[in-house]
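Subject: Structure handover

Hello,

Here is the structure you asked to have passed on. Please open it alongside this message, as the notes below refer to it throughout.

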Amino acid sequence: MSDKRQRARVQGSWAKPLPKQPRPTGAIPNSSTVVIPSANPPPAGWGVGQRMFEYQQPAKPVRDVPTEKVMEMGGDYEISHGPSGVSRLRLIHGFLPPEEADWAFSKLLAELPWSQKTNYRQGEAYEEPRLTCWYGELPYTYAHSTLEANAQWHPLLVTLRCAVEKASGHHFNSLMCNLYRNCKDSIGWHSDDEAALGTRPTIASLSLGDMRVFSLRKQPAPEEDGDYTYVERLRIPLTHGTLLMMEGATQDDWQHSVAKEYHDRGPRINLTFRTMYPEHEGPRTRARLPPQH
Ligand SMILES: O=C(O)CCC(=O)C(=O)O
């Protein structure tokens with residue numbers, strides 16, 4: 001939890017209505033600071049004349065942090081309506097039946113060319129906390145490093161791509177494969193909003209292996225100055241064989257992540273099918289925090 005969120009909670013508890021106190025006789029201070037004398041004087045021998053509690057009105061009104069919503073039921077959801085359009089999710093549990101999902105998971109775990117990518121943040125190299133491999137006619141660059149084009153699709157990935165295309169009605173020419181080896185592997189907050197993915201990209205994400213929580217948080221309004229404290233949040237447990245589609249303005253208006261966990265998790269594979277365009281539309285205009293892949 002960020003300092004700010006923690007602070008908001010502390011403020012919240014201090015800001016509860018105070019118990020009614022007998023009105024003191026004499027002058028009432030003419031300011032927002034109210035001094036309340038203790039009703040019970042301290043026992044003799046404490047050496048203190050009077051204990052005082054000072055209540056100070058918070059400078060800003062205290063805001064509630066919205067409760068995170070959990071999305072467990074399959075279906076189509078409109079998660080927000082904003083100037084960039086409607087953000088939609090479609091959740092399909094059992095997209096792959098358990099036996100097919102088991103078989104696909106073992107085969108991909110054993111046969112894909114998994115490796116650990118090195119990214120850069122402010123010139124400093126760091127290893128991604130997961131393994132990846134990339135398929136597509138075009139290279140994929142994020143976090144200042146590039147996964148080279150790789151047109152040699154594993155035959156099982158071709159089959160899965162066809163199944164996802166049929167179910168979604170979208171065509172995909174690229175695939176990012178992520179392998180979370182255990183509970184310590186993760187992906188930081190980001191949007192799949194690289195210019196090469198075009199405007200309002202549709203992303204299809206197929207999960208295999210152990211369940212991990214996929215979290216979404218809304219982009220804050222410009223006046224929040226990049227502060228995510230009060231934004232809406234969703235969490236979606238992604239189970240073996242589940243397909244999640246992200247559509248419309250989801251990549252403009254929301255970020256997503258898979259956080260580390262603090263209890264055991266087995267390996268999980270996530271396949272995110274995308275469409276990449278060779279000639280992209282140029283840089284986006286909205287200011288963003290640096291990605292934390
Ligand atoms: O593992 C997941 O469910 C998310 C993967 C992801 O966010 C990505 O590849 O951009």
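What follows is a summary of what was found, going from the overall fold to single residues.

Please keep in mind that this is a predicted model.

Overall
The protein contains four helices and 18 strands. Of its 293 residues, 24% are buried. Contacts tend to span long stretches of chain: among those between residues at least 6 apart in sequence, 75% join residues at least 24 apart.

A five-stranded sheet
One open sheet is built from five strands in the order β3-β15-β14-β17-β12, with mixed pairing. Its edge strands are β3 and β12, each of which pairs on one side only. As background, strands of a sheet pair through backbone hydrogen bonds, either parallel or antiparallel.

Both senses can be seen around β15 (residues 233-238). With β3, strand β15 pairs in the parallel sense over two bridges. With β14 (residues 212-218), the pairing is antiparallel and runs over six bridges. L234 in β15 is a useful residue to look at: K69 stands opposite L234, and L234 is also the bridge partner of L216. Further along β15, I236 has F214 opposite.

The nonpolar core
Which residues touch the most other members of the largest nonpolar core? They are A204, L206 and L244, in a core of 35 residues. At least two residues each come from α2 (98-111), α3 (155-168), β11, β13 (203-209), β15, β16 (243-248) and β18. The largest share, five residues, is supplied by β11.

Taking L244 by itself, and not counting residues up to four places away in sequence, its contacts are L89, L91, S205, F214, I236 and L238. Two of these, F214 and I236, are the residues that stand opposite each other in the sheet.

The ligand
The shell around the ligand consists of M176, N178, I187, D192, S205, F214, L238, H256, V258, N270 and T272. The elements giving two or more residues to this shell are β11 (174-180), β17 (254-258) and β18 (268-274). By type, the shell has five nonpolar residues, five polar and one charged. S205, F214 and L238 from this shell are also among the residues that L244 touches.

Two loop positions
The last two items are single residues in loops. Are they buried or exposed, and what lies across from them in the chain?

S191 sits in the loop between β12 (187-190) and β13. S191 counts as buried because 20 other C-beta atoms lie within 10 Å, and 20 is the number at which a residue is called buried. Apart from its neighbours within four places in sequence, S191 is in contact with Q251, W254 and Q255. S191 and S257 are 66 residues apart along the chain, yet their C-alpha atoms are separated by 8.7 Å.

V65 lies in the loop between β2 (52-55) and β3 (69-70). V65 counts as partly exposed because it has 15 C-beta neighbours inside 10 Å; that class lies between the limits of 12 for exposed and 20 for buried. V65 and R233 are 168 residues apart in sequence, and their C-alpha atoms are 9.8 Å apart in space.

Regards

Technical notes: Residues numbered from 1 in each chain as written. Predicted model: local features only at pLDDT ≥ 70, side-chain atom pairs only at ≥ 80, totals over all residues. Pairing = 2+ DSSP bridges. Contact = placed C-beta atoms within 7 Å. Near = placed C-beta within 6 Å. Nonpolar A, V, L, I, M, F, W, Y, C, P; charged D, E, K, R; others polar. Core = buried A, V, L, I, M, F, W, Y, C linked by C-beta atoms within 7 Å.
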